[in-house]
Amino acid sequence: MKMQRKKMLIVGLAIALLIGIVSAATISYFGQIQMTANVKQAVLLDGRDFSQPITETVNVTGGESFWRLHYLQSQTSVPVNLLLETSYSPPLTDSEIITTYHFANASTVEKTADRLVVLQSSSDAGWDWNVTGLTAHSGSASPTNIYGVTALGLLEAYKLTGNSSYLDAAKKVADAIVAGKSQRADGSIRSPDYRFLVEYGIISGNSTYISYARSKWDSDCANVTYYASPEAMYNHLATTWMNDTGIDVWELSNFGLSAFAVKDTDWANKAADVVASYSLAINDSDEYRFVGWGNALRFLCTVNATKYSANITSLVTTLNNTQLSDGSWNSDTQDTAYVIMGLNAAGAIDSAKRGVEWLVTTQQSNGGWISDGSEYSEVDSEAIQALPIALTQVTLLPYEHLNFYITYEFAVNIYPYTYTITTTVKPAS
Amino acid sequence: MDRQFVLLALGLILTIPVFQSPIFSKQFRPLQSLHVVKSLPLNMVAGSTYEWEVSFVNPKSESGLMNVTLEVAEKKTVVGFGEFHVEGTLESYDNPPREHHTLTLTFTETGSGIFQSQAIISERFNIIKLEISSVPNLMPGEYTFTLTITVSYI
């Protein structure tokens, strides 16, 4: 027994010795290098990283709407998914503020807007209807029905680029409308003209044009028979203008959007009921079905997306189902533009983005678009109005510079206060 | 019986401080010729990839276990797990005829901002090439990169 214990002790000590010897026999070499680097954020908003957010204070009394131009700059070699955030102090709820981020390819918009500026008449501030092959205005009297709709594209271009030449060109149009250049024989102005004047007034900061638009709308409603009600307007369009439900719905939606812009909410709400009803009657035999569906969708989303949610869902489904594999609708620029505007308003971003891609790829080298073999100034403008897509997340390509603008729409019943707006951008994880 | 076991245990325990004494303990010696071949830029951008190269000479010109550790730290913020990504290559040249060998170093993040890789080296001259990238939403700041190389032989 004693012998076993001794053996155990000897074996134990031998193991310990072996461990020690092996340990002692291990030779290790060690080296360390250290360096410090400033790591910058991958994406800058207006030249700043997210530790320095964009802030501003605004006095709000209720019902204000304004926009701000910003840009994103990628500094990195990989695509970055970005998330935009805006906060308000004091905090505001979704029912008190609508914040929308509008993204578009600025160079595509600029090419068209530059062309519209070049093609604008120096005498009557309008455009030729057919501008195929033109490099300047023809000198003929400009058609009276495309002032506002064409100039809306200039405003979109100005919001996205800040190029003052577009605003200057839009001012000439606003002055021409106020001077009566776009009037019909009955004295009324064209459906998009009211909305254009309001938007120009907001963007330029000159409320005179907003006041004019409102008073002109009121006087036209009082003096022109078919302005009396949206039903009267629709009947007038269907009987005296074009017997195509699509284009009649499109035009009534234009009037509705203008009524909404001049804050005639009663007329706008009634028009929405009519548009909601007739948009269901648009069918495949209507030549202008796509502009009708697209503009109706935009108008219903603008007036009351909750009330018309069933119509909106139905329209989105119809438009998604009729989109061609190339991203267009009917392979037509104007059809595609109005559908994009509708889907964008409804938040159906995926199909809208595919439509935008088709517009970008079909833009001509001069900045215009060809429809049925010809280029039309109105359609060029409608195409660039459709390009900005409302996104909260965007993918920025390596080293890309991307302009975008934010629109802020404060509710009418908001608590009057000086609010601080803070905007940040964060790469989404 | 119990007393014998206690003595054995005490004996084993006593070997630990003995072999930890300077005479027996593992000694780190400076790694020969460790120097930077390509430095990281002083200003980096999150999301992009940067190269860092260091070279060293295999001190014993025989097989040894190489441990590479890259630790990333920042003064004001905590480096999160998965915020950096490290890829590496070991390029080696043996003694004449100086054949070129390459080996991919796989880095594992063992802690937040701490990356480790192991490999057996046997050739004389060695270059470690690191490709360091970060997620695009990395908090901007002044980051310190510490590269530690240990080579052990038995």
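**Close-up 1. Helix 8 and helix 10 of chain A cross with a left-handed twist.** In this predicted model, helix 8 (residues 245-261) of chain A packs against helix 10 (residues 289-304) of chain A at about 25°, and their axes are 7 Å apart. Angles under 35 degrees count as roughly parallel, so that makes helix 8 of chain A roughly parallel to helix 10 of chain A. On the helix 8 side, the residues that meet helix 10 of chain A include Gly246(A), Ile247(A), Trp250(A), Asn254(A) and Leu257(A). Helix 10 of chain A answers with a set that includes Arg289(A), Val291(A), Asn295(A), Arg298(A) and Phe299(A). Sort the contact of helix 8 with helix 10 of chain A by class and you get 9 nonpolar, 8 polar and 2 charged residues.

**Close-up 2. Helix 8 of chain A also packs against helix 9 of chain A, with axes that come within 9 Å.** Here the crossing angle is roughly 160°. Angles over 145 degrees count as roughly antiparallel, and helix 8 and helix 9 of chain A are therefore roughly antiparallel to each other. The crossing of helix 8 and helix 9 of chain A is left-handed. From helix 8 of chain A, look for Val249(A), Leu252(A), Phe255(A) and Ala259(A), among others. Across from them, helix 9 (residues 265-279) of chain A brings residues including Trp267(A), Ala271(A), Val275(A) and Tyr278(A). By class, the contact of helix 8 with helix 9 of chain A holds 12 nonpolar and 4 polar residues, with no charged ones.

**Close-up 3. Five strands of chain A make an open sheet in the order 2-4-9-6-7.** The pairing in this sheet is antiparallel. Strand 2 (43-45) and strand 7 (389-390) of chain A sit at the edges with a single partner strand each, so one side of each has no neighbour in the sheet. Further in, strand 6 (residues 97-103) of chain A runs antiparallel to strand 9 of chain A, and 7 bridges join them. To find your place along this pair, use His102(A), whose bridge partner in strand 9 of chain A is Tyr405(A).

**Close-up 4. Domain 1 of chain A touches domain 2 of chain A, with 8 residues of domain 1 in contact with 10 residues of domain 2.** The elements that give two or more residues to the domain 1 side are strand 4 (65-74) and strand 9 (401-410) of chain A. Strand 4 of chain A gives the most, with 4 residues. That side of domain 1 divides into 6 nonpolar and 2 polar residues, and no charged ones. As for the split itself, domain 1 of chain A covers 39-104 + 391-429, while domain 2 of chain A covers 105-387. The C-alpha centres of the two domains lie 27 Å apart.

**Close-up 5. Chain A meets chain B through 39 residues of chain A and 49 residues of chain B.** On the chain A side, helix 1 (2-25), strand 1 (27-40) and strand 10 (417-427) are the elements that give two or more residues. The largest share of that side, 14 residues, comes from strand 1 of chain A. The chain A side divides into 19 nonpolar, 16 polar and 4 charged residues.

**Close-up 6. Strand 1 of chain A pairs with strand 11 (residues 141-153) of chain B.** The two run in the antiparallel sense, over 13 bridges. A handy spot to zoom in on is Ser28(A), which stands opposite Ser152(B) in strand 11 of chain B.

Technical notes. Residues are numbered from 1 along each chain as its sequence is written. Chains are lettered from A and ligands numbered from 1 in the order in which they are written. This is a predicted model: local features need pLDDT of at least 70, side-chain atom pairs count only at pLDDT 80 or more; totals for chains, interfaces and linings use all residues. Domain bounds come from an automatic or database domain assignment. Two residues are in contact if their C-beta atoms, placed from the backbone, lie within 7 Å. Ala, Val, Leu, Ile, Met, Phe, Trp, Tyr, Cys and Pro count as nonpolar, Asp, Glu, Lys and Arg as charged, and the others, Gly among them, as polar. Two strands pair if DSSP finds at least two bridges between them. Axes are lines fitted to C-alpha atoms, for helices over the stretch in contact, and angles run from 0 to 180 degrees between N-to-C directions. Angles under 35 degrees count as roughly parallel, over 145 as roughly antiparallel, 65 to 115 as roughly perpendicular and the rest as oblique. A crossing is left-handed if the near helix is turned anticlockwise from the far one by less than a right angle, and right-handed if clockwise.
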